[in-house]
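Student: Could we go through this structure together, asking at each step what a label rests on?
Tutor: Yes, and for each label we will set the value beside the criterion.

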Number of protein chains: 2
Amino acid sequence: MNKSASQSDDGALARPTTKDLARVAGVSRATVDRVLNGREGVKKRTVDKVHAAIEQLGFVRNIAAANLAKSRTYRFLFILPQSGDQFHGEILRHINEAQTAFTADMVTTSVRLVDQNDPFEIAALLASLSPETVDGVAIMAPETPQVRDAIHRLQERGVHALPFISNQTLNGDKWVGIDNHAAGATAGTLMGRFLPNRAGKLAIIADSILSRDSLERRSGFDHVVNSEFPHLTALPSLETYGSQVRANHIISETYRHQKDIVGVYILSSEARGPLSAIWNVALPQNIVIIAHERTPCTENALVDGTLDAVITQDPGHLVRSAVRKLRAMTDGRSTLRSQEKIRIEIILKTNL
Amino acid sequence: MNKSASQSDDGALARPTTKDLARVAGVSRATVDRVLNGREGVKKRTVDKVHAAIEQLGFVRNIAAANLAKSRTYRFLFILPQSGDQFHGEILRHINEAQTAFTADMVTTSVRLVDQNDPFEIAALLASLSPETVDGVAIMAPETPQVRDAIHRLQERGVHALPFISNQTLNGDKWVGIDNHAAGATAGTLMGRFLPNRAGKLAIIADSILSRDSLERRSGFDHVVNSEFPHLTALPSLETYGSQVRANHIISETYRHQKDIVGVYILSSEARGPLSAIWNVALPQNIVIIAHERTPCTENALVDGTLDAVITQDPGHLVRSAVRKLRAMTDGRSTLRSQEKIRIEIILKTNL
DNA sequence: ATTATTTTGATGCACGTGTCTCAAAATATG
DNA sequence: CATATTTTGAGACACGTGCATCAAAATAAT
């Protein structure tokens, strides 16, 4: 029987190396290298022998040593909107916070802020990137033809691209973010459960209903409310377009015309505008209000009772997951499904 | 001005190495090594010079290369209860599932199942461990004097110990798990919010109220119910002691004597017994039932509407966090607070 | 059977750090 | 001053893998 791997002092099985592979497969280390790195000019019979040895020994490549040998560093870029949105601020904070941890893993991250409403600027930025300066890009931007094409060409040039959080068509698990339909449905369920016996109307407030996120959340919300809580009626979405004045206006107007509002659902990732509008209008205490994303603003609103629940995704997890995925993409590996699944979290006053 | 780090082809700053440190500090690589690894016999003035260079260059040790040189492998052991509990099954599953990912990081994990009720067995196991065979242990076991002492001696022998999920006194951030008081409070909040206008009694079911977890959850639950939902009254805890017969008995008895039960809170991490008892007794449809831990059983109960909400902690995150912490402890590093914070998650039918 | 081509082996260096050894230099002690 | 001691430097090798070169062996083509 073959001695399958060297034995260490304490009797534990040492981890098999390429040397062990070569010995067990009966080939040279050079050939093992050719097989492991998929180089040309190796007979199929030899390839099989090596693979059999890998199987037999349970060989796992020492990525650290490999990266050291290649002196590989991962250079990743986050492209984020430059709006002052607090949620994006949290994302930025986590990118910086994790910088030290990333450095230890040979990952360097940088951030570029772009105007969300200028697809040409985004496309131009993407066009300026090449595999010589960056290995992967996490992109948070609305899906427009320009951007979609730019992403496509970027990938063809050999730079990995990863839709980040929102607004892009998803392919397989090559994206990071939550299922917005389910997030909306969760909001709907909470709304219904918090209002078990009170028939009435639900106001729904969004920045703009044109974004993919908003549409999906709205659809999930409606689905649950219509099918499970027929005593509640979701009103058409109100759009604030990011304007505080407009937010104040539409909320007071709506409340004036619809006296039987029992709940408010704030769709957008920035709840500050709608919340202060609600504060100004002084809605009755017993209206249930649900918003998205954990920010200093929504935390405060939870604590003082203005907000009843917040549906959120963990920004730190989003950032780390993006980095892990980009790294896996550059290595041609796959990631752990369960680790990368971004949870839809529910936050109440008591689990802040 | 000093040339601070070598320049790579593409113009990007190469990451500084110990060589760069030596050059900038004006000492030899041997001395840099003495400082970095805290060896004796270096003059304070020299130590300061090196630290200044570290600061100036922003030097971060290449852990991968260091571990390679030391041929370091991390050998961790999980000590878990051998009860057939589904939640523990999930933990086990995640340990195995993440095995491949760990291997790539030079981490090998093993698992030992022990009888939770036999502190002497656990203490004996701990006593048998030495730094020669294991670097760190994640321990999930009730806190008894025997176990506490054994853990203490284990640490003195140089094996890192990490309380895992439950039942040990906590020191600083050297533990993994959720805040059970907050988890109980969350359950209480949901219960109250789901029952806004229905006065009545709440049945509370536990395996045993003697465990630290149960006590803390109960206390959090009571606090919220008493202070915020005075129309609800939490009954004394019912203990099942893991017996299905007893579960059936106490639940039917309680329901017979207390006709105005409007909610049930299942404290323990195993909800199967109480749930099937509830199923047998056929409680009225509109009773709100909340349990802990996401398992196949609680998932099914959510889908079919028996359960209204599940409070849970992500077992995969728990496992990975334990490994990261043990690794940081062995390296003498600190971990990222925000990443290791285990979230109290709320699961409804819609965010399964 | 000879030559051309493909496949394999042997060997050496590199990556960044840890860990030795031995000598040289600096400083302290008498 | 000479000597003992502390502090530092120079150098070599190791870890596991990638990558390159050149020769040797195996196989295919003529």
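**Labels and their grounds**

Tutor: Of the atoms of DNA strand D that lie within 4 Å of the protein, 68% are sugar or phosphate atoms, and the rest belong to bases. The model is a predicted one.

Student: What makes a residue count as being near DNA strand D, and which are the closest?

Tutor: The criterion is that one of its heavy atoms lies within 4 Å of the strand; 27 residues surround DNA strand D, and the closest are Thr18(A), Arg61(A), Ser28(B), Thr31(B) and Thr46(B). By the nature of their residues, they divide into nine nonpolar, nine polar and nine charged.

Student: How do you know that there is a polar contact between Thr18(A) and a phosphate oxygen of DNA strand D?

Tutor: A polar contact is a pair of N or O atoms within 3.5 Å, and a backbone N or O atom of Thr18(A) lies 2.7 Å from a phosphate oxygen of DNA strand D, so the pair meets the criterion. The side chain of Asn37(A) has an N or O atom 3.4 Å from a phosphate oxygen of this strand, while a polar backbone atom of Ala65(A) is 3.3 Å from a base nitrogen. The elements giving two or more residues to the surface near DNA strand D are α2 (29–36) and α4 (63–70) of chain A, together with α2 (29–36) and α4 (63–70) of chain B.

Student: Which atoms of DNA strand C are found opposite polar atoms of Arg29(B) and Asn37(B)?

Tutor: For Arg29(B), a side-chain N or O atom is 3.2 Å from a base oxygen of DNA strand C; for Asn37(B), a side-chain N or O atom is 3.3 Å from a phosphate oxygen of that strand. Around DNA strand C there are 26 residues, of which Ser28(A), Thr31(A), Thr46(A), Thr18(B) and Arg61(B) come nearest, and α4(B) gives the most to this surface, with four residues.

Student: Why is Arg294(B) called buried or exposed, whichever applies?

Tutor: Buried means under 20% relative accessible area, and Arg294(B) has 17%, so it counts as buried. Arg294(B) is placed in the loop between β8 (288–292) and α13 (296–303) of chain B, where its side chain makes a polar contact of 2.8 Å with that of Glu299(B). Apart from neighbours within four places in sequence, the residues in contact with Arg294(B) include Arg343(A), Glu90(B) and Leu352(B).

Student: How do you know that the span of helix α9 of chain B agrees with what is expected?

Tutor: The expected span is 1.5 Å times one less than the number of residues, so the 15 residues of α9(B), 180–194, should span 21 Å, and the end C-alpha atoms are 21 Å apart, which agrees. Because 14 of these 15 residues are buried, α9(B) is largely enclosed by the rest of the structure. At the start of α9(B), a side-chain oxygen of Asp179(B) comes within 3.0 Å of the backbone nitrogen of His181(B).

Student: What area do chain B and chain A bury between them, and how many residues are in contact?

Tutor: They bury about 4,000 Å², 55% of it on carbon and sulfur atoms, and 44 residues of chain B are in contact with 44 residues of chain A. In chain B, Arg193(B), Arg343(B) and Thr350(B) lose the most area to chain A, together 15% of what that side buries.

Technical notes. Residues numbered from 1 in each chain as written. Chains lettered and ligands numbered in written order. Predicted model: local features only at pLDDT ≥ 70, side-chain atom pairs only at ≥ 80, totals over all residues. Heavy atoms only, no water. Buried < 20%, exposed > 50% of the residue type's maximum accessible area, 1.4 Å probe, protein only. Polar contact = N/O pair within 3.5 Å; in protein donor to acceptor, adjacent residues only side chain to side chain. Contact = heavy atoms within 4.5 Å. Nonpolar A, V, L, I, M, F, W, Y, C, P; charged D, E, K, R; others polar. Buried area = accessible area lost by both parts, 1.4 Å probe.
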